[in-house]
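Student: I should like to request a close look at a single part of this structure, the packing of one helix against another, followed by an account of its surroundings. Please proceed from that part outward.

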There are 2 protein chains.
Amino acid sequence: MRLGVDIGGTKTEAVAVDDSGAIVERLRLRTGFGHAAVAQTATDAITGVARLCEIPPDGFESIGIGIPGVVDPRSGQVSHAVNLGVDGLLLGDLIHERLGVEVRIDNDVTVAALGIYQHLAPGSPMGYLNLGTGLAAGVVVDGRPWRGARGGSGEIGHLPVDPGGELCRCGQRGCLETVASGSGIARQWPTDDPHPVRALFAAADTGDERAAAIRSRLAAGVASAVRILVLTVDVETVVIGGGLSHLGEPLLADIRQALAHWAAGSTFFASLDLPSRVELVPQGFPAAAVGAALNSGRDFALL
Amino acid sequence: MRLGVDIGGTKTEAVAVDDSGAIVERLRLRTGFGHAAVAQTATDAITGVARLCEIPPDGFESIGIGIPGVVDPRSGQVSHAVNLGVDGLLLGDLIHERLGVEVRIDNDVTVAALGIYQHLAPGSPMGYLNLGTGLAAGVVVDGRPWRGARGGSGEIGHLPVDPGGELCRCGQRGCLETVASGSGIARQWPTDDPHPVRALFAAADTGDERAAAIRSRLAAGVASAVRILVLTVDVETVVIGGGLSHLGEPLLADIRQALAHWAAGSTFFASLDLPSRVELVPQGFPAAAVGAALNSGRDFALL
């Protein structure tokens, strides 16, 4: 049995998976803010799942955690996780001190990509596009996450696609993230609605032109991200997940429409057959928690 | 001994390499146009190198060819090689009929990337950016070319980076290829000069503002391609080759300046340290011919 934890900006999801990768226990917690609270959330998640399984924390084959930010899997250090109030947290050491277990800590998008690859078993290179507060991608080849030379692969949210676009928080202009992410939508469509992107889609559906334009830029931005993944690394499929993917079919339809529109103007682009190569993460599947559990059993040397 | 042939738009380069990958013989020919002439060029190159080595064509351990266009390495069929007047040529079969040897045929950018990887031995993922008539990239990992799910990886010349840019021959607008390729320069700066891009650089150096603007867009386009390769797959280095790379240091300086300019406005971008991760192909090194020779000894099943 392996244990996986996905520490998100507001909630934390934890699972126990058996040798076949199937989920046998599942738990949800609110995520704390700041170093001490995030470490507490992580230990609560581990001990909580252990209790459900009636196994002590050190009785699992391995334990893995997925968390936003820049993560060094070797040292277990987490940096630049702004939404969690975490920078330079030695999460692995803290958990080891408290529970006496080794944990494998990795970036949440990387482990989500791994979890979905295991779930869908595509058998060919797969891209995962995470539409959360930001926009980032993961590429999985032969069941292994592609990390790149410096662990920085998949940061496509900071690829500019429009010299006349908005200034991005990264300092560049017209990055994909400025139009195709939760923070990009929030900036363009400020609202108190607890589901701001749903509110945007609803407004667009009732004829609000500004909402329709923002929604259309979102679809074009995601479609651009898909095009980048396919023309650069030629993944067979791009799976879309993250908070914005809860919009479901209306979002997928928008993205496919943008891709089909481009295909209508370009034989080359049409030959890529992109509308059929995009899909949504299965709703309700805790991809990052499952991926963290699978990731935890890996040999560091293999990466 | 392995034999490698690089069939280019105007000239064909062929080499024999020994087991260490060192070049032992080298030959240049003019490339013919159309199916019959291209097949003749290929057989002439093979028999010519064989004669230099005093080995019959079937005495080589393996023979490989790199050629522009869409290539199916399994069938040896070459398509869409517009500059060669070739579409649907079963080059492998033709050479086998004439010389009784099996040849491994592959895309020229793919084998060039492989040849440079072998030459530079970077030890980490490497990107190769080919600035020829078009713009395309190759990624090499652990000494193997990254092909992708459908063999279409590296087609980054057709990634749009400017919605207000020129219409590309692919039907999309603002593709990298419209500004950062030989054909892009030729469209913007028509000239009878046999070295059109050298003429452009010279005009820019003497104060021609239109030439300076085209040259600046070229540098920004190449810098964008480098950014795409690093933020998507995180290659450690990007090596720039192809016809435009013969411009040498002035081109490299322009590209590094564009990257440094972006870094000045973005801490995130600066952290990628891109100016130091870009280099030019060693001048005079027949990368694609050497790569074709190395590629020829490979097991198809490994790709």
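**A helix pair and its surroundings**

Tutor: In this predicted model, helix α3 (residues 108–120) of chain A packs against α9(A) at an angle of about 90 degrees, the two axes being 6 Å apart. Because angles of 65 to 115 degrees count as roughly perpendicular, α3(A) is roughly perpendicular to α9(A). On the side of α3(A), the residues that take part are D108(A), V111(A), A112(A), A113(A), L114(A), G115(A), I116(A), Q118(A) and H119(A). They meet A287(A), A288(A), V290(A), G291(A), A292(A), L294(A) and N295(A) of α9(A). Sorted by class, the contact of α3(A) with α9(A) comprises ten nonpolar, five polar and one charged residues.

The setting of α9(A) itself deserves attention. This helix spans residues 287–296 of chain A, and ten of its ten residues are buried, so α9(A) is largely enclosed by the rest of the structure. The buried residues are A287(A), A288(A), A289(A), V290(A), G291(A), A292(A), A293(A), L294(A), N295(A) and S296(A).

Chain B offers a corresponding pair to examine. Helix α3 (residues 108–120) of chain B and helix α9 (residues 287–296) of chain B pack at about 90 degrees, with 6 Å between their axes. The pair α3(B) and α9(B) is therefore roughly perpendicular. From α3(B), the contact draws on D108(B), V111(B), A112(B), A113(B), L114(B), G115(B), I116(B), Q118(B) and H119(B). Their partners in α9(B) are A287(B), A288(B), V290(B), G291(B), A292(B), L294(B) and N295(B). In the contact of α3(B) with α9(B), ten residues are nonpolar, five are polar and one is charged.

Another helix pair of chain B has a different description. The axes of α5 (residues 196–205) and α6 (residues 209–233) of chain B come within 7 Å and cross at roughly 120 degrees. This angle makes α5(B) and α6(B) oblique to each other, and their crossing is left-handed. L200(B), F201(B), A203(B) and A204(B) of α5(B) make the contact with A211(B), A212(B), I214(B) and R215(B) of α6(B). Seven nonpolar residues and one charged residue form the contact of α5(B) with α6(B), with no polar residues.

After α6(B) comes a residue of backbone interest, D234(B), in the loop between α6 and β12 (237–241) of chain B. D234(B) is not a glycine, yet its phi is positive, at about 55 degrees. With 21 other C-beta atoms within 10 Å, D234(B) is buried. In chain A, H80(A) also has a positive phi, near 55 degrees, and is a residue other than glycine. H80(A) occupies the loop between β6 (77–79) and β7 (89–90) of chain A. Its 13 C-beta neighbours inside 10 Å place H80(A) in the partly exposed class.

The view can now be extended to the contact between the chains, to which chain A and chain B each bring 33 residues. On the side of chain A that touches chain B, α6 (209–233) and α8 (267–271) of chain A each supply at least two residues. The most is given by α6(A), with five residues. That side of chain A has 16 nonpolar, eleven polar and six charged residues.

One loop residue of chain A reaches across to the other chain: P160(A) touches V161(B). P160(A) is placed in the loop between β11 (144–145) and α4 (182–188) of chain A. Leaving out residues up to four places away in sequence, P160(A) also touches G165(A), Q172(A), R173(A), G174(A) and C175(A). P160(A) counts as buried, having 21 C-beta neighbours inside 10 Å. Between P160(A) and R198(A), 38 residues apart along the chain, the C-alpha separation is 26 Å.

A second proline, P57(A), sits in the loop between α1 (35–53) and β4 (62–67) of chain A. P57(A) is buried, with 20 C-beta neighbours inside 10 Å. Apart from neighbours within four places in sequence, P57(A) is in contact with I46(A), T47(A), A50(A), L99(A) and V101(A). From P57(A) to T110(A), the C-alpha distance is 24 Å, across 53 residues in sequence.

As to confidence, chain A has an average pLDDT of 94, and 98% of its residues score at least 70. The model scores 0.93 for ipTM and 0.93 for pTM.

Note on methods
Residues are numbered from 1 along each chain as its sequence is written. Chains are lettered from A and ligands numbered from 1 in the order in which they are written. This is a predicted model: local features need pLDDT of at least 70, side-chain atom pairs count only at pLDDT 80 or more; totals for chains, interfaces and linings use all residues. Helices (H or I, at least four residues) and strands (E, at least two) are DSSP runs, numbered from the N terminus. A residue is buried if 20 or more other C-beta atoms lie within 10 Å of its own, exposed if 12 or fewer, and partly exposed in between; C-beta atoms are placed from the backbone. Two residues are in contact if their C-beta atoms, placed from the backbone, lie within 7 Å. pLDDT is the predictor's confidence in each residue, from 0 to 100. Axes are lines fitted to C-alpha atoms, for helices over the stretch in contact, and angles run from 0 to 180 degrees between N-to-C directions. Angles under 35 degrees count as roughly parallel, over 145 as roughly antiparallel, 65 to 115 as roughly perpendicular and the rest as oblique. A crossing is left-handed if the near helix is turned anticlockwise from the far one by less than a right angle, and right-handed if clockwise. Ala, Val, Leu, Ile, Met, Phe, Trp, Tyr, Cys and Pro count as nonpolar, Asp, Glu, Lys and Arg as charged, and the others, Gly among them, as polar.
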